[in-house]
Amino acid sequence: MKELLNELDKAFENRVRLGIMSALVVNDFLDFNALKELLGVTDGNLASHLKNLEKSAYINFEKEFVDRKPNTKYYATDIGKEAFRKHINAIEQLLK
Amino acid sequence: MKEKYIEDLKEIKEMMNRSSRFLSLSGISGVTAGIIALAGAYLAHRMVFSQSNLLSFNSVELSGEQFINLLVIALATMIVSIGLVIFLTTQETKKRRQKIWDHQTKRILINLFIPLVTGGIVCLSFLFKGFVGVTMPLTLIFYGLALLNVSKYTVNEIRSLGLIEIVLGLVSLQFIAYGLWFWAAGFGLFHIVYGFIVKLKYKS
């Protein structure tokens, strides 16, 4: 049990971060507003969780301009996808 | 403790579905599209196919009137049913407070229309050459391929509906004289059946 708990990723303990990661692993990319709408959180809240995941190198972003407005696309990195897979495996083991 | 992780898994699954699949597809619009298709098939039977033996592999000489009637019925059926699907699905997304025009619906429409427009052009080419018989199975096959192509972006049922349409089209190609019956089954009957399934399952 103890060992299994260590397998769980701290980065995904938070529901918002878990949600961001779930959405990003099944989509090539999502922009800030799509994530905001999906999760139903405020700008500030979302931004801080995104920054947190960025620091762990689980997600990355690209800035581009759509109709001269800045648009930020977020996507999951390979490291992030692997970490997420491990996290889900650990949960499944725990629930066995 | 365990409850938290069960909740987590639920959340993960829901977020994956909601972010990648369009689930507000209106079931009732499937039923109405089916009814319109049945009406279209009936009209085509009365006005065009009852007069002569058009449903064969051979190229047949359609009279100008027959050709116009067939084209008008086909276009009217298509426009009315697509219009209703768009209208009713828009209503459904409004009810669920979702956006109708976002990256999900864009992705679905693009992937739906690539096989559909290809099929449309193929069918029209055959129709202009007088090969009326083969166009019926071909519409089923291309429609099935189009559904299969978008099934990963929307409710799961669309995949099996697509497969049914493809199989119906292929079988119908062997029984070309009954083309209109297969067409009515594929576009009429199965739309109605699947409309009800989606309606019941997703309460839409």
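Visitor: What share of the contacts in chain A with a separation of 6 or more comes from residues 24 or more positions apart?
Guide: Happy to start there, with a note that this is a predicted model. A contact here is a pair with heavy atoms within 4.5 Å. Among the contacts in chain A with a separation of 6 or more, residues 24 or more positions apart account for 53%.

Visitor: In what order do the elements of chain A run from the N terminus?
Guide: Chain A holds five helices and three strands. Read from the N terminus, these elements follow the order α-α-β-α-α-β-β-α.

Visitor: How many residues of chain A, as a percentage, count as buried?
Guide: The C-alpha atoms of chain A fill a box of roughly 50 × 25 × 20 Å along the principal axes. The accessible surface of this chain is about 5,800 Å², with 48% of it belonging to carbon and sulfur atoms. To count as buried, a residue must be under 20% relative accessible area. Of the 96 residues in chain A, the buried share is 42%.

Visitor: How far apart are the centres of the positive and negative side chains of chain A?
Guide: Chain A carries 15 positive side chains and 15 negative ones. Taking the centre of each set, the separation is 4 Å.

Visitor: Lys73(A) and Glu64(A) meet in a salt bridge; which of the two is buried?
Guide: Their N to O distance is 3.7 Å, and the cut-off for a salt bridge is 4 Å. Glu64(A) has 29% relative accessibility and so counts as partly exposed. With a relative accessible area of 19%, under the 20% limit, the buried partner is Lys73(A).

Visitor: Lys36(A) forms a salt bridge with which residue?
Guide: Lys36(A) is partly exposed at 28% relative accessibility. Its partner is partly exposed too, with a relative accessible area of 41%. The closest N and O atoms of the pair are 2.9 Å apart, and the partner is Asp43(A).

Visitor: Is Glu92(B) buried or exposed?
Guide: Glu92(B) forms a salt bridge with Lys95(B), with 3.6 Å between the closest N and O atoms. Both residues lie in helix α3 of chain B, three residues apart, about one turn of the helix. Lys95(B) is exposed, with a relative accessible area of 61%. Glu92(B) has 6% relative accessibility, so it counts as buried.

Visitor: For Glu165(B), which residue is the nearest side chain of opposite charge?
Guide: Glu165(B) sits in helix α6 of chain B, residues 157–174. Beyond its neighbours within four places in sequence, its contacts include Leu140(B), Tyr143(B), Phe187(B) and His191(B). Glu165(B) is buried yet has no salt bridge. At 15 Å away, the nearest side chain of opposite charge is Arg159(B).

Visitor: Which helix supplies the largest share of the largest nonpolar core?
Guide: That core has 36 residues, and Phe49(B) and Val132(B) touch the most other members. Helices α2, α3, α4, α5, α6 and α7 of chain B each supply at least two residues. The largest share, eight residues, comes from α7(B).

Visitor: What separation do the C-alpha atoms of Glu54(A) and Phe29(A) have?
Guide: Glu54(A) lies in helix α4 of chain A, residues 43–55. Apart from residues up to four places away in sequence, it touches Ile59(A), Phe61(A) and Tyr74(A). Phe29(A) is 25 residues from Glu54(A) along the chain, and their C-alpha atoms are separated by 14 Å.

Methods
Residues are numbered from 1 along each chain as its sequence is written. Chains are lettered from A and ligands numbered from 1 in the order in which they are written. This is a predicted model: local features need pLDDT of at least 70, side-chain atom pairs count only at pLDDT 80 or more; totals for chains, interfaces and linings use all residues. Side-chain values use heavy atoms; hydrogens and water are left out. Helices (H or I, at least four residues) and strands (E, at least two) are DSSP runs, numbered from the N terminus. Buried means under 20% relative accessible area, exposed over 50%, partly exposed in between (1.4 Å probe, protein chains only). Accessible areas come from the Shrake-Rupley method with a 1.4 Å probe; for residues, only the protein chains shown count as cover. Lys and Arg count as positive and Asp and Glu as negative; His and the chain ends are not counted. The place of a charge is taken as NZ of Lys, CZ of Arg, CG of Asp or CD of Glu. A nonpolar core is a set of buried Ala, Val, Leu, Ile, Met, Phe, Trp, Tyr and Cys residues joined through side-chain atoms within 4.5 Å.
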